[in-house]
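Student: I'd like to see how the labels on this one are earned. Can we go through them together?

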Amino acid sequence: MRVSLLLALLQLAGCAVNPATGESNFVMMSEQQELDLGQRYNQQILKENPRYADEQLQAYVQRVGERVAKNSHRNQLTYQFTVVDSPDINAFALPGGYIYIHRGLLAYLSSEAELAAVLGHEVGHVTARHSVQQQSQSTAWGLLGQAVAIGTGVGAAADITGALGNAFVRGYGRDMELEADGLGAQYLARSGYDPQAMIEVVKVLKNQEDFALDQAAERGDAQPAGGYHGVFDTHPDNDRRLQQVVGPARALATGEQEVNREAFLKRLEGLPFGDSADTGMRRGQRFYHGDLNFTLAFPQGWNLLNRPDALIGHSADQQAFVALTLEDNPQSLPPLELLRQRVGGQRLVAGVELQQAGLKGYSAVIAGNAAKRVAIIQHGAQVYLLVAAVRGRASLESYDEQFLSVINSFRPMTGAERKEVKPLRLHMVKVKPGQTLEALANNSKLPGDAVKALRLLNNLYPSGQPRAGDWLKVVR
């Protein structure tokens, strides 16, 4: 059995020379399969990640990305760079050259060279075929598990080897991230940008981690996990492995290397900071969506996750959730009938009609071991479904009062709210002699500690001060 299993895996697996590193990597996918996979995933990602509706900014990011990709190890690919309308600090790449950068990360960058560094890092993941290696390893573990299960008759073996595979392939891992940093720095230098920008970007990301840790400590919350690059041995300036992979790129730099700080900052003028009007906005515990004309509130201490397909609120301990989705009602069914249709054959109990702010609806509990509170609310031509549930040892009864408060808070926005609830935006100011961040923070609409937030936004965290004549990002 062992011999036949090894032969089967050898037939399925293969090795290919990595186009970026020249090393031999374990892969189970041809380049054409990689391109096809990226194209399929890209279609799904575009549905789940709304494109930021500023075509001038999109075109600018595309130009910078193409300039870097042209000097990469796989410059024959057609690269597509997209700005996502999301406040998240994130960027990612799909196989074949589809690269996304979130609006939230753009806000924290300070120069065109730093933008090129983010895009170059993601291009590095593509050129080194990191996603293909990851997929191949995961597939191999799955095949091994299936073969062991068939050969031994023990179905649990597949679960065990699957768990091993997941442990081995969790995220890219620091080695791949560092390799992408090194490749990206090379592409920066070859494109005429300062490769030091790669270090600067990692500082931005490290400051985000430090800020999150400091804020959690102040609130007494559990410490969050490491972010984009994982845990560093030291600060990026002194991180030995990071310096080793970025260092060789400096030898490729010829002449004056571009940074383009002021030109980049002008591109960010007016950029929404945090939530945008198109995706809905949070103010404290209340969520507003101007285009859909609704608002609702979540209990104090709850967190909100605003996704294209659902708005999700959850308790601080993540034991209770409420999800809001927009539903079709082609037959114009009344709320109770539509709710029955949506839950199928599940039994509804404790039903109650809803009448709030002129809106009609119906709420009930789906009975059973995994009981859920559900509700349908009609709002003009739109129909909203709310599903509330608990996990772990929590009971529906212990959270049902809070669930009902969320459901009952759903209503149209008032005229005053439509005028007042506008997205926060970035604006550029030139620092005057003697002007401090504390003074600038006095006029800021940033929630929480505005001084620390401005320092983080301008890469001055935790205690830096601007110099007279510097251009700074403020929020109002």
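Tutor: Sure, starting with a pair of strands: β7 and β8 (residues 286–289) pair in the antiparallel sense over 3 bridges. Keep in mind that this is a predicted model, where local features need pLDDT of at least 70, side-chain atom pairs count only at pLDDT 80 or more, and totals for chains, interfaces and linings use all residues. Residues are numbered from 1 along each chain as its sequence is written, and side-chain values use heavy atoms, with hydrogens and water left out.

Student: What makes β7 and β8 a pair?

Tutor: Two strands pair if DSSP finds at least two bridges between them, and here there are 3. One of the contributors is arginine 283, whose bridge partner in β8 is arginine 286. Strands themselves are DSSP runs (E, at least two residues), helices likewise (H or I, at least four), numbered from the N terminus.

Student: Which strand order does the open sheet have?

Tutor: It runs β7-β8-β9, 3 strands with antiparallel pairing. β7 (281–283) and β9 (294–297) each have a single partner strand, so one side of each lacks a neighbour in the sheet. On average, neighbouring strands are turned by 20° against each other, direction ignored.

Student: Why is the contact between arginine 103 and aspartate 85 called a salt bridge?

Tutor: The rule wants a side-chain nitrogen of Lys or Arg within 4 Å of a carboxyl oxygen of Asp or Glu. Their N to O distance is 2.8 Å, so the pair qualifies. Arginine 103 sits in helix α4 (residues 103–108) and aspartate 85 in the loop between β3 (80–84) and β4 (91–94), so the bridge ties together parts 18 residues apart in sequence. Both residues are buried, meaning under 20% relative accessible area, with exposed over 50% and partly exposed in between (1.4 Å probe, protein chains only).

Student: How do you know that lysine 266 is exposed?

Tutor: Its relative accessibility is 56%, so lysine 266 clears the exposed cut-off. Glutamate 262, at 39%, is partly exposed. Those two form a salt bridge as well, with the closest N and O atoms 3.8 Å apart. Being 4 residues apart in helix α11 (residues 261–267), they are separated by about one helical turn.

Student: What about arginine 342: which residue is its salt-bridge partner?

Tutor: Glutamate 327, with the closest N and O atoms 2.9 Å apart. Arginine 342 lies in helix α12 (residues 335–343) and glutamate 327 in strand β12 (residues 320–327), 15 residues apart. At 31% relative accessible area, arginine 342 is partly exposed.

Student: How many salt bridges does the rule give?

Tutor: The count comes to 17.

Key
Axes fitted to C-alpha atoms, helices over the stretch in contact; angles between N-to-C directions.
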